[in-house]
Amino acid sequence: MSNADFEKFYRAQNLFSDEAEWQIFFETLRVILPTAFRITGNRSHAIELRTQIERYFIPYIQAADLEGPHVDPPAPLPWYPDQLGWQMTIPRIALKKSPHLRKFHTFLVTETEVGNISRQEAVSMIPPLLLDVKAGHMVIDMCAAPGSKTAQIVEAMHAEEKDLELSPGLVIANDANLKRACMLVHQMKRLHSPCLLVTHQDAEQFSNVLYPSPPEALRFDRILCDVPCSGDGTIRKNLLIWKDWKIADGMGIHGMQLKIAQRAAILLKVGGRMVYSTCSFNPLENEAVVAALLNSTDGALRLVDVSDRLPALVRRPGLTTWKVLRKDGEPAERFSDFAEEGINRAHSKCLPTLFPPANVADLHLDRCLRIYPHLQNTGGFFVAVLEKVKPLSKQDALYMETPAKAEDPPIKKPKLAPAEETTPDSPPLNDTVDSEVPAESDAKPLKDEPFLFVDPTDPDLESIWKFFEISEKLPRDQFLVRSEGSKQRTLYLVSSAIKSIMAITRNERLRVVNTGIRCFSRNDVENTPCTYRIHYEALPLLTPFLGDARKVRLTHPDLRMLLDSPNHLSVTRFSPALQERAGPMVLGCCIGYLYPEDAPEGHTMTGPMVFPIWRGVSSLYMLLGKQDKHSLVARVYGPDSVIETPKGETTSTPVDATPTAEVAEVTEDTPAV
C-alpha cells in the first residue's frame with residue numbers, strides 16, 4: 001500500500017521532527033485499524049454493561065484456547081471517562097468464526113441493535129468530550145450523520161438529570177443529505193431523548209432559529225462542526241484512500257469547510273464553545289481553516305487551551321506553518337504562484353486562505369489537537385476548540401439586543417478578492433452575515449405529515465394521567481402527534497425548547513425530519529379505561545413520574561417466564577405475590593419492575609429494571625421486541641443464557657424487522673402494536 005503523492009505531500013508538511021517517527025507513523029498507516037465501541041445510555045445502565053464485559057468476557061477471552069495468533073481481549077481507552085470507551089484488536093473474521101469469540105460477537109451485535117453499544121472509531125469520540133455539553137444547553141451538530149457524536153452530545157445533556165426533571169435543552173442534529181438525515185433518525189431512535197431535533201439543511205447556510213423568549217434568533221451554547229473532509233485520517237480502515245488520494249483533495253474542500261465554520265461562528269452565543277474537527281491529517285483542511293476563521297472574526301473567537309482535558313490522550317500540537325502544493329507536487333510560496341503557473345484559479349479552487357497568514361504566530365494554533373495513528377493505535381484526527389469572547393461586530397451586538405422583526409437581517413456574504421496582495425487573509429465576518437438561506441436554494445419544509453401539539457386538556461391525556469397516576473410535574477403541553485387522520489395513534493414528548501421553536505411558523509425553514517421520544521400509543525382494545533400503552537424506550541424518562549397504580553414487582557423466575565414465552569401466560573402461572581398484585585388489575589398496560597435484590601446471583605444490576613407488560617383479561621405478556629429480550633436475558637441471567645421457548649409453545653407472532661420494535665401476539669385482550 002503506497003501513494004507517492006500522499007507521501008510527498010505529508011513529508012513537505014514536516015509533521016514530525018525526525019525521520020524515525022515519520023517511518024513509524026507511515027508504517028502504522030498500513031496496519032488495519034482496531035475496532036472501537038462505546039457503552040451508551042444512562043450512567044447506571046452503562047456501568048452494568050461495563051461490569052458484564054469486565055466480569056465475564058475479558059476473563060473468558062483470556063482463558064480461551066484459540067487457534068492461530070494470540071488475541072488480546074478488549075481494553076478500555078485510557079482517556080475515555082469512566083472506562084466507557086473500548087478498543088479491541090480482534091479481527092472481525094475471528095469474532096465471527098471462532099466458537100470461543102462468537103459469544104462476544106453476538107453480545108456486541110445484540111447490544112448495538114438495541115442501542116446499548118455504539119460502534120464508533122475511537123478518535124471520533126474526542127470532539128463531543130471537549131465540547132463540554134451541560135444540561136439545559138442549546139446545542140447544534142452542524143454535520144451530524146451518521147450520529148455517533150450526536151449520541152454523545154445527547155447523553156451529556158441528560159447525564160446530570162434528576163428524577164422528576166426534564167432537561168429544557170435542545171440538540172439539533174443537522175445534515176445536508178436527506179438520506180443521511182433519515183439514517184440519522186434511525187440511529188437517534190436508540191437515544192430516547194425529548195431534546196433531539198433532526199433537521200436537513202446545508203450547514204453553511206443553516207437558517208436562523210427563531211426563539212420566543214426573548215424574541216430573537218437563537219444563539220447556541222455549544223456547536224459541533226465535524227465537517228466533511230478528505231478523510232485520509234481513516235486510511236487504516238478505508239484502504240481505497242491509498243489508491244484515490246490526490247494533492248488537490250484538501251484544497252478543493254477547504255472553502256466549504258470555512259463557510260460551515262463561519263456560519264457556526266455566527267450562530268454561537270458570546271461565551272459559547274465551538275469545536276471544529278476533521279478526520280484528516282491535511283493542514284489545508286485543519287489549521288488553514290481555523291486560521292482563516294479566527295482572522296475573519298476580528299478577535300471574536302479564540303482558541304481554547306484544552307491541554308488539561310483528557311490527560312491520558314496522547315496528542316500533538318497544531319501546526320504553525322504548512323505548505324500548499326501545486327498539482328505538479330511542487331510547493332507554492334504564495335497565492336499568486338498559481339496564476340504564474342497558468343492555472344485557472346476558479347477551477348483549481350485555490351483560495352488565499354489556504355496559505356499560512358502573516359499573523360500566524362498570534363493565533364495560538366498550537367492549541368489545536370493533532371491525533372496521529374502511531375501514538376495510541378487509532379485513526380487520525382484534528383480538533384480545535386474555540387470560544388466566542390465577544391460579538392462579531394457592533395451590528396451583531398445591536399442585533400442580539402433587539403427583538404427579531406418579521407424578516408431576518410439582509411444577506412452580507414463575504415467576498416474573496418482575486419489577488420493575495422490586495423486582500424486580507426480572510427474576509428471579516430459579522431453575526432448578520434449569511435443569516436438567511438439564499439433564494440436560489442431556499443429551504444422549503446419537507447412534504448411530510450406535520451407535527452401537531454396536543455391540547456393539554458385532551459381527553460386522551462386525561463385518561464393516561466389518571467390510569468398511570470402520572471405526576472403533574474410531567475408537562476402535558478409538550479406532547480405532539482404526527483397527523484394521522486382523526487385518531488392520535490402515537491404521542492411524542494419534546495423538550496420545552498423544541499416546543500418553543502416549533503410553535504413559530506417561520507421555523508418551518510428548519511426542515512424538521514424528526515423529533516420527540518415516543519411515549520404512548522393507542523391500541524384498539526375495548527373494556528379498558530385507557531387504550532394507551534407506554535413504550536419501552538420512554539420508560540427511563542417516564543418512570544419517576546408514574547404512580548403505583550400500574551406497577552408490578554417481579555421475581556426473576558417471573559421475568560424469565562415472560563421473556564421466554566412468545567405467548568400470553570395465565571396470571572396463575574406466576575409467583576403468588578405477582579398473582580396477588582396483578583390479579584385485580586383491569587385490562588391495560590402495566591409496568592414490571594425487577595429489583596437487584598430479586599435478581600439471580602451473578603447479575604450486574606445497579607438499580608431496578610423496568611419494562612412494559614400487557615395485562616390481558618386473564619394473562620400477562622411482555623411488550624418487548626426480540627433483541628431487547630435477548631439483551632435483558634444476558635444482563636440478568638448472564639451472557640451464556642438465551643431465550644428458551646418452553647416445550648410445546650410456539651409463536652404465531654411475526655418478528656418485526658426493526659430490532660427494537662415491540663411486538664405482540666394479537667388476541668382479543670392484546671393491544672394492536
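This report describes the nonpolar cores, one enclosed helix, several salt bridges and a surface patch of a predicted model.

## Nonpolar cores

The largest nonpolar core of the model comprises 78 residues, and those with the most contacts inside it are Met142, Leu170, Phe220, Val290, Leu365 and Leu386. Apart from this core lies another, made up of 61 residues, which include Phe37, Tyr56, Phe104 and Val383.

Leu386 can be followed further through its surroundings: when its neighbours within four places in sequence are left aside, Leu386 is in contact with Gly272, Arg273, Met274, Tyr276, Val290, Leu293, Leu294, Leu301, Arg302, Leu303 and Val304. Val290, one of these contacts, is itself listed among the core residues with the most contacts.

## Helix H21 and its cover

Helix H21 spans residues 626-637, twelve residues in all, and the distance from its first C-alpha to its last is 16 Å, close to the 16 Å expected at 1.5 Å a residue. Because ten of its twelve residues are buried, H21 is largely enclosed by the rest of the structure. The buried residues are Gln627, Asp628, Lys629, Ser631, Leu632, Val633, Ala634, Arg635, Val636 and Tyr637, a list that contains charged side chains such as Asp628, Lys629 and Arg635.

The cover over these buried residues includes both helices and strands, namely helix H3 (43-63), helix H5 (102-113), helix H19 (556-564), strand S26 (588-594), strand S27 (609-615) and strand S28 (619-622). After H21 comes Gly638, which has a positive phi, near 100°.

## Salt bridges

The count of salt bridges in the model comes to 26. In one of them, the side chains of Arg38 and Glu155 meet with an N to O distance of 2.7 Å. This pair links distant parts of the chain, with Arg38 in strand S1 (residues 35-39) and Glu155 in helix H7 (residues 148-158), 117 residues apart. Both Arg38 and Glu155 are buried.

A salt bridge within a helix is formed by Glu54 and Arg50, whose closest N and O atoms are 3.7 Å apart; since the two are four residues apart in helix H3, they are separated by about one helical turn. Glu54 is partly exposed, with a relative accessible area of 30%, whereas Arg50 is buried, with a relative accessible area of 17%. In a further salt bridge, that of Asp175 with Arg180, the closest N and O atoms are 3.5 Å apart. Here Asp175 is buried, at 6% relative accessible area, while Arg180 counts as partly exposed, at 35% relative accessibility. Elsewhere, Glu7, Arg11 and Glu19 are joined into one network by salt bridges that share partners.

## A buried arginine in helix H10

Arg263 has its place in helix H10 (residues 248-267), and with a relative accessibility of 1% it counts as buried. Arg263 and Gln205 are 58 residues apart in sequence, yet in space their C-alpha atoms are 7.0 Å apart.

## A nonpolar surface patch

On the surface, Met1, Ile32 and Leu239 form a nonpolar patch, and together these residues have about 290 Å² of accessible area. Leu239 is placed in the loop between strand S10 (220-226) and helix H9 (240-244). With a relative accessibility of 39%, Leu239 counts as partly exposed.

Conventions. Residues are numbered from 1 along each chain as its sequence is written. This is a predicted model: local features need pLDDT of at least 70, side-chain atom pairs count only at pLDDT 80 or more; totals for chains, interfaces and linings use all residues. Side-chain values use heavy atoms; hydrogens and water are left out. Patches are made of residues with over 30% relative accessible area and no salt bridge: like charges are joined within 9 Å, nonpolar side chains (Val, Leu, Ile, Met, Phe, Trp, Tyr) within 5 Å. Accessible areas come from the Shrake-Rupley method with a 1.4 Å probe; for residues, only the protein chains shown count as cover. A salt bridge is a side-chain nitrogen of Lys or Arg within 4 Å of a carboxyl oxygen of Asp or Glu. Buried means under 20% relative accessible area, exposed over 50%, partly exposed in between (1.4 Å probe, protein chains only). A nonpolar core is a set of buried Ala, Val, Leu, Ile, Met, Phe, Trp, Tyr and Cys residues joined through side-chain atoms within 4.5 Å. Contact means heavy atoms within 4.5 Å. The expected span of a helix is 1.5 Å times one less than its number of residues.
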